[in-house]
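Welcome! Here are some short exercises on salt bridges and chain contacts, each with a worked solution. Take a look at the model first, then work through them in order.

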Amino acid sequence: MPSDLIAGIVAGLLVAATPLILAALGELVVEKSGVLNLGVEGMMVIGAYAGFAAKVGTGSYGLAFTTAILAGAAMGLLFGVLTQQLLSNQVASGLALTLFGLGLSALFGAKSTGLTAGAFPRLDALGLPGRFASGTDVIMLATLALVFAVAYFLERTRAGLVLRAVGENHDAAHAIGYPVVAVRMAALAFGGGMAGLGGAYLSLVQTPFWVERMTAGRGWIALALVVFAAWQPFRVLAGALLFGGITILQLHSQGFGLKIDAQILSMLPYLATIAVLIVMSRQGRVGSSSRRLRAPQSLGKVFTGTA
Amino acid sequence: MRDRWLQLEPRRTPSQAMLYATPFLAFALTLLAGLALFWLLGKDPMKALGLIFVTPLTSVRGIAELLVKSTPLILIATGLAFGFRAGIWNIGAEGQFTVGALTGGSVGLYFFPGGGPLLLPAMMLAGALGGMAWAAIPALLRTHFNANEILTSLMLVYVAGLLLGLMVQGPLRDPQSFNFPESRLFQNDALLPLLIPRTRAHIGFVVALVVVAIAHVVVTRHMLGFKIRVLGDAPRAAAFAGFSEQRLVWTAFAISGGLAGLAGLFEAAGPVGQLVPQLPSGYGFSAIIVAFLGRLQPLGILAAGLLLGLTYIGGETAQIAMSLPSATTSVFQGLLLFFLLATDVLVNYRVRLGRVRGAGQGVV
Amino acid sequence: MIDRRNLLGAVAGVVALAAGVTAATAQTPPLKVGFVYVGPIGDHGWSYQHHQGLLAVKKEFGDKVETTYVENVPEGPDAERVIDQLASQGHKLIITTSFGFMNPTVKVAAKYPDVKFEHMTGFKQADNLATANIRFYVGRYIAGILAAKASKTGMIGYIGSFPIPEVVMGINATYLGAKSVNPNIKMKIIWVSTWFDPGKESDAAKALADQGVDIIMQHTDSPAPVKFAEERKIFAVGQASDMKSFGPNAILTSIIDDWNGYYISRVKAVLGSTWKTGDTWGGLNTGMLAMGAYGPGVSADAKALADAAKDKISKGELHPFTGPLKKQDGTEFLKAGEKIADKDLAGMNYYVEGIEGALPK
């Protein structure tokens, strides 16, 4: 294969993976704090709209991405108020959040359909040569850096330790004096912000325009990725590349005339996630050395904050 | 407690008054928010609310459609509530719904164009068994591999959807469909009898009522209901009392999967009348919300299923009559759910705006 | 049932009341026409074009009609209820605009014999249910000519949704149009198994471009591929509506669905009580198919060839599917000089000879 083609495939794979990585990283931090937010799709689509509208309104990409992050974070905080302040059930609240986000973005977004936001500059604009540079962008690089940052935060910083402690056993963390609810609210704001940014990548870089429901299920894939990754940031990266890779390679194989059943191929990531989940859960139960590979123990449980 | 904005003080026993008052409070809040929403959109708020909540109930057609829409919600939510009370989280009912429609529908298509009077019962059985079999996967993964059932059951939703797509594109495809992925239209023997002539209301709703009644008896009077409550509220006590958690996991998944599968078959053999890739339209997820709105009680679920169904039908009515964008319905439903979920806190807690004087004692 | 509804509806019947007042004051009540769309009216493609038809009907008939539309109706169990609801509310002409609405429309039509139904792109008719479609393949044949003339790499990329005859005939027509001006033209086809997923459509366009195509054609509904082509500085053909604004430099032309004329004629027929069932398959000559203005990438030479083909097709002198033509497997399906019958076209499930790759079954 010519090197241009390979560079193109790799760049295409990264583009497909970036929104997934962003949303999944956010959800990973949320789940590490012991909260399960199933509303990723809703937060993503709000980010996609808010970012696009801000770009059209102001012309600035900086403002656009900031708006998307803030809008996503606001959605995350809304979920936080429901589940952390008012102790609502997380599963039901997350589903309601998705419904609300899809509706709200479509309602506001009706007027923005058909507008264009211009082409987001790629790395070749910085003078880098080649097909690879023309298919990659700074958000993508920032996303890769963010994977490292989140891994560092969770493993190496005190705040990260507190967050994990809260997610493992909220009662114990509370007894030590950690602010369980505040930590979780912060995690939810971060998770929402990342989902919003992922959505904006879709509407400002990947497609780039706004139409309602444009996230087309990517929020749910991000949720699957977190599990697939066994709550490890670097595995999120690997998983997103795999998910993105399967999509892109499937498209390319068709272009080359190879006959592969699209539906069977599309099932693979989900089946792989279940397989990984089994392996991780088994390890998590048997050996304490791999304890960090299993789900946070307080995941999805209500913290009543007594004592 | 200082990091929470509101001060929550646990009640010693859940407030019975609040249990019944909160749905009305939430409903009142939603109406207020709805007034604001429609006013902002420049639509007559009273008219919109009347169209959503009242108009569908004033015609036979509207009521029939309400039954059609609520039947799967009530069936699935009743099954899910068993597990939810025991802390067993089957959120993949959408997948079990899909597989139930597929297995039950396949039985009907196998006997095309005949079948006789026993065909429909056979399809219902196959649908329920199909849903159960699909639910058995996360049950097995939880009991044998300790894998989180929320996530495995969710993953299987996508696999089920793709499986349905594969089957209607391949072996089950209607030979006269010009390659379009859909099955034949079911023969008469494979269609559900109608409750109200000239409408789509089918006997599935009666089955749902029976299921709710049985579930009510089981939950309130039967040992299984007791075990499920204990497991959910105090897992250690349950273990001490010798209740097998594994057995309850299997039971909960069998019930919820079976009912979701049955609901799927009803959808295929009722309003749709064939297998199409668009068959799973989100009932499995909406039912989770219904289960919580109904406070996990069978009778509550019956009411909640009818209410959510009403917002769907009424939303459409308002869309048609007032040219409201379809997104308004989603926003409105989202608000309703937020308020219902949020006010739930009043049942188990006293909410204070000031500081808590003494430390509250937790429920063990 | 309608009487009963009005009686009980008095509680919430502000609408019914308002409608009643207008009806009483006007000499004849306006004809109520209902439209059912699969997507949002703001999709800038398929549903948008149908909504243009509604607006045209409104403009043409003014007070004589009252139009209603329902958007975002899924092609599942909900469709039948929406159609039924329109019928029960006194709509006398109901237009359903997606293939997946076929069986629901058939079922509702059987229940309301006095209501006229129009289903777009389907193949099942009844006494009160007519069908109509547009000869999109003609537009694709002409676009194929433009594409082959504009391509430097000699490769056309095509994004398909589902391998139904509608889409397959479009691919074949594109290839035949392209081959008529460049016998060595190659096509690369990617199926995305969706009508609408901007992200995936964009990924597919990218994959095609990376494999060397410099023309992107699509049979999916979002403008993402056109937008991508603009960014990549290659060419694209718009789908359903004029997509020029998404790629002013990239666009060669758009294949535009124009339902306005058909809808106006059908409303007129109902008003004049001359409505009859039937199957209309409109093309360039009836105005149901229009080609968007040529973009800057179309050479004078290409323009002349395309215009000539357009002219001949309109006059009936040329049919894109004229023999001798062979299927991909080498069997002949049209003898020399033979034109394909509409019913064979409507069930087309094979590629013509020269297209590479297998058609998914």
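**Exercise 1.** Find out whether Arg142(B) and Glu149(B) are buried or exposed, and how their side chains meet.

*Solution.* Step one: both Arg142(B) and Glu149(B) are buried, where buried means under 20% relative accessible area, exposed over 50% and partly exposed in between (1.4 Å probe, protein chains only). Step two: these two residues form a salt bridge, with 3.0 Å between the closest N and O atoms. A salt bridge here is a side-chain nitrogen of Lys or Arg within 4 Å of a carboxyl oxygen of Asp or Glu.

Before going on, a note on the ground rules. This is a predicted model, in which local features need pLDDT of at least 70 and side-chain atom pairs count only at pLDDT 80 or more, while totals for chains, interfaces and linings use all residues. Residues are numbered from 1 along each chain as its sequence is written, chains are lettered from A in the order in which they are written, and side-chain values use heavy atoms, without hydrogens and water.

**Exercise 2.** Work out which parts of chain C the salt bridge between Arg135(C) and Asp342(C) ties together.

*Solution.* Start with the pair: the side chains come to 2.9 Å, N to O. Next, place them: Arg135(C) lies in the loop between strand E5 (129-134) and helix H6 (136-150), and Asp342(C) in helix H12 (residues 342-346), so the bridge links parts that are 207 residues apart in sequence. Helices (H or I, at least four residues) and strands (E, at least two) are DSSP runs, numbered from the N terminus. Finally, check exposure: Arg135(C) is buried at a relative accessible area of 16%, whereas Asp342(C) is partly exposed at 33%.

**Exercise 3.** Explain why the salt bridge of Arg81(C) and Glu65(B) joins two chains.

*Solution.* First, the side chains of Arg81(C) and Glu65(B) meet at 3.4 Å, N to O. Arg81(C) lies in helix H4 (residues 77-88) of chain C and Glu65(B) in helix H3 (residues 60-85) of chain B, so the pair connects the two chains. Both residues are buried. For the wider setting, the structure holds 21 salt bridges over all chains.

**Exercise 4.** Describe the interface of chain C and chain B: how many residues does each chain bring to the contact?

*Solution.* Chain C brings 40 residues and chain B 41, contact meaning heavy atoms within 4.5 Å. Together they bury about 3,600 Å², 57% of it on carbon and sulfur atoms; this is the accessible area (1.4 Å probe) that two parts lose on being put together, summed over both. On the chain C side, Pro77(C), Arg81(C) and Gln85(C) lose the most area to chain B, together 19% of what that side buries. Five salt bridges cross this interface.

**Exercise 5.** Now try chain B and chain A: how many salt bridges cross their interface?

*Solution.* The count is zero. Still, 51 residues of chain B touch 53 residues of chain A, and about 4,600 Å² is buried between them, 77% of it on carbon and sulfur atoms.

**Exercise 6.** Find the mean pLDDT of chain A.

*Solution.* pLDDT is the predictor's confidence in each residue, from 0 to 100. The mean for chain A is 85, and 90% of its residues reach 70 or more. Over residues 285-291 of chain A, however, the pLDDT is below 50. Where pLDDT is low, the predicted coordinates should not be read in detail.
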